[in-house]
Amino acid sequence: MTTSASLRRPACWFVVLPDRERVAMPAGAHQMVRHRSGRPWIVGEWPAAAMVSVMAGRRQVALVGYAAVRPARLLGLLVAARDVHSLDLGREIAGDYHLIAEIDGQQRLQGTASGTRRIFTARVGADLLAADRADVLAGLCGAGLDRMVLALALLDPSPPHPLDDLVAFTGVTAVAPQEYLCIDRDGRSRTARWWRAPAAVRSRAEGAAVLRTALAEAVAVRVAGGRTVSADLSGGLDSSAVCALAARGPADIVALTGLARDPGDDDPVWAARLAASLPNLTRETLPAADLPLVYDRVGEPGPATDRPFVGLVDRAKLLAGLDRLALYAPRLHLTGFGGDELVGGTPNHLPALLRRRPTLALRQLRGYRAQEGWPWAASLRMMRGRGYRDCLRDMSRVLNAARAGYPTPPVGRRTWPYVTALDWTSPPVVPGWLTADALELVARAFATAAEQALPLAETRAGHLDLFTLRAGAAVFRGFDQIAQATGPPLAAPFYDERVVYAALAVRPELRASPWEYKPLLKEAMRPVVPAECLRRRTKADASTEEDQGLRANRGALVKLCDESPLAELGLIEVDLLRQACRAGAVPDHRAEALQPTIATDAWLRAQAAS
């Protein structure tokens, strides 16, 4: 057995090794599950409570994460399975976990349907290794950086599917969330689909009952261990639902509310109302003066994520909240991540609804038009039949215009947003500081996708449901990786498979409405959250704090431009980026396009440090 050179490792990770005498062994692994032969099988670092594993003869299985199962029950499911392909534990065991199983020499490695937990693969010599983090594998196989993926990471907020899920390291491949990796006895591997979105056929009332049960179960998995569990309590519907459900369990719940600097933000008012209805809840409030701004300390060394992650610009805010909660020593921190993606809804279900229920579709279209000011002609044009590749081809044409020197349509202009709100997905903003080489890499990727890509679902609404779900799960996963260095692990009950399935099974026109905010979640939480808290119709806007953060950190951002690794890679015109940093906020908030660039720059610095 050989050992790789010592690398700085994250706080929680694992690598799955083949059953061989000599294999690349990652340094810094203090936890281990062995093959029947006694050789290492799963090695890495994880909390003891996060792993449950059993073995029966030539069969063994390990679940890593939060799984509502006892070893005896897991052993029964393992023995009953015909092979690894029939070991579909998501139907039997609630929670959020990796599945790693071996039956008669054949292995199954699987993450979650939402993408909160992923599987990556890489070859090290003749051996196929798998891990839950791409950077760990990259260190083992000596992988380099993929410039095209890094160029795509600079788009705001992200490139479309499938370009959003490419790995930034050469030689490292991601297994799609809906698939599992199967490794045969001879070492050959393939992927197989294990999850499909449900048919959206349920009524709101029926779906609300199922969603309530699934979400309650997901929260119960996290708090069942008792002790102290902390939770976000922003005042929004998502965190309020999670807090109210958590307060029913055996754990001591400490809820954290951060006070925004925007005097018009009414989040704290709603958070206080919910807290008042939960007398057994301990509440911590982080004053606005103690809450870091966007970009604060972004240039300082910090924990590395395994992909470029826009949330790095908010790292200081996350860690400040966890530092405040450290006094209580929570074993876990609950969040409301996933609520917006699952129950927020989007209007792009209207084209399909028009063919099924034209009167309702036109009535909802009028409602969205009244709110957003969409032109009738542009709206009706987008209601016509249109394939996913048509959408990608339109984006490719805009990229070609940018390469020719024409500016891409900015956020806020009446050409793009009003049309694309009804499209398969919205086009990203292409920053003006990309080099010609970077634009060429991006254009080439878009051109290939426009000719080859398949949507995640047959309908626009189905595709966007899954795309936003996975994008949100990637954000949660990034924040969890940041939190691991100093605080408790994060948890997002909304992303559990059963919760996702329950929400997506409701007809999209009943999940989204131009006249009511998150009607499905409100209906589901009526027996749980006080009626007063369900009457909220507002949602906080973070743009004020983003503008303040940009102004306050202008000097630090300009300084980062001086030795930018993105410039060394030939991806940005550093003078143009410096000008954008100095310009500060602008009325239409196009400065938000800075965030992916600054975050990718910070990510590259963290990779160099590790």
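Is Arg444 buried, partly exposed or exposed? In this predicted model, Arg444 has a relative accessible area of 46% and is partly exposed. Its salt-bridge partner is Glu440, and the closest N and O atoms of the two residues are 3.7 Å apart. Glu440 is likewise classed as partly exposed, with a relative accessible area of 27%. Both residues belong to helix α14, which spans residues 436-452. Because they are 4 residues apart in that helix, about one helical turn separates them. Elsewhere, Arg386, Asp394, Arg397 and Asp423 are joined into one network by salt bridges that share partners.

The structure holds 34 salt bridges. One of them links Arg58 to Asp104, with a distance of 3.4 Å between the closest N and O atoms. Arg58 is located in the loop between β6 and β7, and Asp104 in the loop between β8 and β9 (106-110), so this pair ties together parts that lie 46 residues apart in sequence. Arg58 is partly exposed, at a relative accessible area of 47%. Asp104 is also partly exposed, with a relative accessibility of 29%.

A further salt bridge is formed within helix α12 (residues 388-403), where Asp390 and Arg393 are 3 residues apart and therefore separated by about one helical turn. The closest N and O atoms of Asp390 and Arg393 are 3.3 Å apart. Asp390 counts as partly exposed at 33% relative accessibility, and Arg393 is partly exposed with a relative accessible area of 28%.

The second largest pocket has a volume of about 990 Å³. Its lining comprises 45 residues, and those nearest the centre of the pocket are Ala49, Ala50, Gly65, Tyr66 and Arg117. By residue class, the lining of this pocket divides into 27 nonpolar, 7 polar and 11 charged residues. Several secondary-structure elements each supply at least two lining residues. Among them are the strands β2 (13-16), β6 (51-56), β7 (59-67), β8 (95-103) and β19 (490-491), together with the helices α4 (204-223) and α15 (460-483). Strand β7 gives the most to the lining of the second largest pocket, with 5 residues.

Cis peptide bonds were examined next. Asp156 and Pro157 are joined by a cis peptide bond with omega of about 0°. The peptide bond from His161 to Pro162 is also cis, and its omega is near 5°. Pro157 is placed in the loop between α3 (147-152) and β12 (172-174). Pro162 is likewise found in the loop between α3 and β12.

Positive phi values occur in the loop between β17 (282-286) and α7 (315-325), which contains Tyr295. Phi of Tyr295 is near 80°, a positive value in a residue other than glycine. Tyr295 counts as buried, at 3% relative accessibility; the threshold for this class is under 20%. Arg297 also lies in the loop between β17 and α7. Although Arg297 is not a glycine, its phi is positive, at about 60°. With a relative accessibility of 43%, Arg297 counts as partly exposed.

Methods
Residues are numbered from 1 along each chain as its sequence is written. This is a predicted model: local features need pLDDT of at least 70, side-chain atom pairs count only at pLDDT 80 or more; totals for chains, interfaces and linings use all residues. Side-chain values use heavy atoms; hydrogens and water are left out. On a 1 Å grid over the protein atoms alone, a cavity is a set of points where a 1.4 Å probe fits but cannot get out, and a pocket is an open set with protein on both sides within 12 Å along at least five of seven lines; lining residues have an atom within 4 Å of a point. Grid points are joined across faces, edges and corners, and a volume is the space filled by probe spheres set on the points. Ala, Val, Leu, Ile, Met, Phe, Trp, Tyr, Cys and Pro count as nonpolar, Asp, Glu, Lys and Arg as charged, and the others, Gly among them, as polar. A salt bridge is a side-chain nitrogen of Lys or Arg within 4 Å of a carboxyl oxygen of Asp or Glu. Buried means under 20% relative accessible area, exposed over 50%, partly exposed in between (1.4 Å probe, protein chains only).
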